[in-house]
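Take a moment to look over the fold before reading on. Let your eye follow the chain from one end to the other.

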Amino acid sequence: MSPRRRVLVIGAGAAGCAAAWSLARSAPAIAVEVWEKAAVPGGVATTQHWNGYWFNDGVQGGAPSYHNTLRLHEACGFRPRPVHMTINFGKGPTWWNNYGQALETALIRRLRPEIKRFGELLKRVNRFPWLYICIPIAKLLRWHGFSTDFVNLMVLPLTALFFGTGNQTPKVSAVIVARVFLDPHMRLFAYDPDLLLSSQPLMFAFDALEQIYTSMLQQSSIERVCYGREACSIEPLSDGVWVTDQRQRREHFDQVILATDAETCLQLLGSRASFMERHGAWTGSLLSRRDCNTYR
Ligand SMILES: Cc1cc2nc3c(=O)[nH]c(=O)nc-3n(C[C@H](O)[C@H](O)[C@H](O)COP(=O)(O)OP(=O)(O)OC[C@H]3O[C@@H](n4cnc5c(N)ncnc54)[C@H](O)[C@@H]3O)c2cc1C
């Protein structure tokens, strides 16, 4: 009988946990192992405990279009709760929200012509995605004469909220921004020509994320999960991949799935990173953070 193929998943954030869970369930001939450098799974999706209560302090929930996430949480015994989401950005003259006409702010009234023009531009981007895929949203808006206030106070904070892209937000691809407004399969908020956001869409609040990811890694037939174990280098050879951790322990795997943040992926790949992997980050961290790159 031939030995089971060994696959290592590096990183136990949302991407690594989902990859390990589904691989272990769907391919029993593969022995799946996970290395996570932190003491708990979840990555940036963390849960804090205080006085008998818990709260998710970063990642909060998702939209009905998150079919896979919702199904995965339910498969692990957690049911995301439906909520109506209200948002507020800025204060005083820079304040705006999605409460609807009742609480329309001065900023929304002042920028309304640009909100309408933004909708037209999004439709064009959605119609010709291949033309715009490599164009960062901030650059596109600048080329089309949108004001700094509209870009910095409305579009970029909202995009950062959608994707958690921090200071890389201006580089998110215009096509991805258009999709989350207009594509029924990816939509987070519906676009509104008067208010930018339709008021209070249905969303889902996640259960305690640390528990969800812990049970995801416990439930499935994953061979081994190592916390506090950091992959420091990978060395692909003709017979598979050698991976070395922070204590210089070296192990052999047939395949490795990199599910870390993009910077660590690039460090581990070094000069072996392809052009797309090296330059993928500038189309938005959505591509680099949510994708798992497999290196054989
Ligand atoms: C503040 C914030 C709020 C967000 N809110 C939402 C939200 O409400 N809804 C939503 O859907 N999305 C949200 N997002 C986006 C979403 O959380 C992320 O896209 C997703 O959690 C990223 O998961 P990941 O597995 O790709 O990366 P990460 O969570 O970064 O996981 C990578 C893992 O790899 C580990 N690692 C790194 N290097 C190594 C190494 N060398 N060896 C071993 N392990 C390593 C890390 O410790 C980490 O656990 C938010 C993001 C942020 C930052």
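This report walks through domains, sheets, helix contacts and a salt bridge.

First, some ground rules. This is a predicted model, in which local features need pLDDT of at least 70 and side-chain atom pairs count only at pLDDT 80 or more, while totals for chains, interfaces and linings use all residues. Residues are numbered from 1 along each chain as its sequence is written, and side-chain values use heavy atoms, with hydrogens and water left out.

**Domains**

The domain assignment gives domain 1 (5-58 + 209-295) and domain 2 (87-199); such bounds come from an automatic or database assignment. Taken over C-alpha atoms, the centres of domain 1 and domain 2 are 32 Å apart.

**Sheets**

Helices (H or I, at least four residues) and strands (E, at least two) are DSSP runs, numbered from the N terminus. Two strands pair if DSSP finds at least two bridges between them.

One open sheet has three strands in the order β5-β11-β6, paired antiparallel. β5 (61-62) and β6 (81-84) stand at its edges with a single partner strand each, so one side of each has no neighbour in the sheet. Two bridges join β5 to the antiparallel strand β11 (residues 202-205), and Gly 62 stands opposite Phe 204 in β11.

Another open sheet of three strands runs β13-β14-β15, again with antiparallel pairing. Its edge strands, β13 (231-237) and β15 (250-253), each pair on one side only. From one strand to the next, the twist averages 25°. Four bridges join β14 (residues 240-245) to β15, and Val 241 stands opposite Phe 253 in β15.

**Helix contacts**

Two packed helices are described by the angle between their axes and the distance between the axes. Axes are lines fitted to C-alpha atoms, for helices over the stretch in contact, and angles run from 0 to 180 degrees between N-to-C directions. Here are two helix pairs to find in the model.

| Helix pair | Axes come within | Crossing angle |
|---|---|---|
| α6 (residues 148-163) and α7 (residues 174-182) | 11 Å | roughly 80° |
| α3 (residues 106-127) and α6 | 11 Å | roughly 85° |

That crossing makes α6 roughly perpendicular to α7, a label given to angles of 65 to 115 degrees. α3 and α6 are therefore roughly perpendicular too.

Which residues of α6 meet α7? Leu 158, Thr 159, Phe 162 and Phe 163 in α6 meet Ile 176, Val 177, Val 180 and Phe 181 in α7, where contact means heavy atoms within 4.5 Å. By class, this contact of α6 with α7 has seven nonpolar, one polar and no charged residues. Ala, Val, Leu, Ile, Met, Phe, Trp, Tyr, Cys and Pro count as nonpolar, Asp, Glu, Lys and Arg as charged, and the others, Gly among them, as polar.

The contact of α3 with α6 has nine nonpolar, no polar and three charged residues. Among them are Arg 110 and Glu 114 of α3 and Asp 149 of α6.

**A salt bridge**

A salt bridge is a side-chain nitrogen of Lys or Arg within 4 Å of a carboxyl oxygen of Asp or Glu. The whole structure has 17 salt bridges. One of them joins the side chains of Arg 4 and Glu 223 (3.0 Å, N to O). Arg 4 lies in the segment before β1 (5-10), and Glu 223 in the loop between α8 (209-219) and β12 (224-227), so to find this link look 219 residues along the chain.

Definitions and conventions
Parallel < 35°, antiparallel > 145°, perpendicular 65-115°, else oblique.
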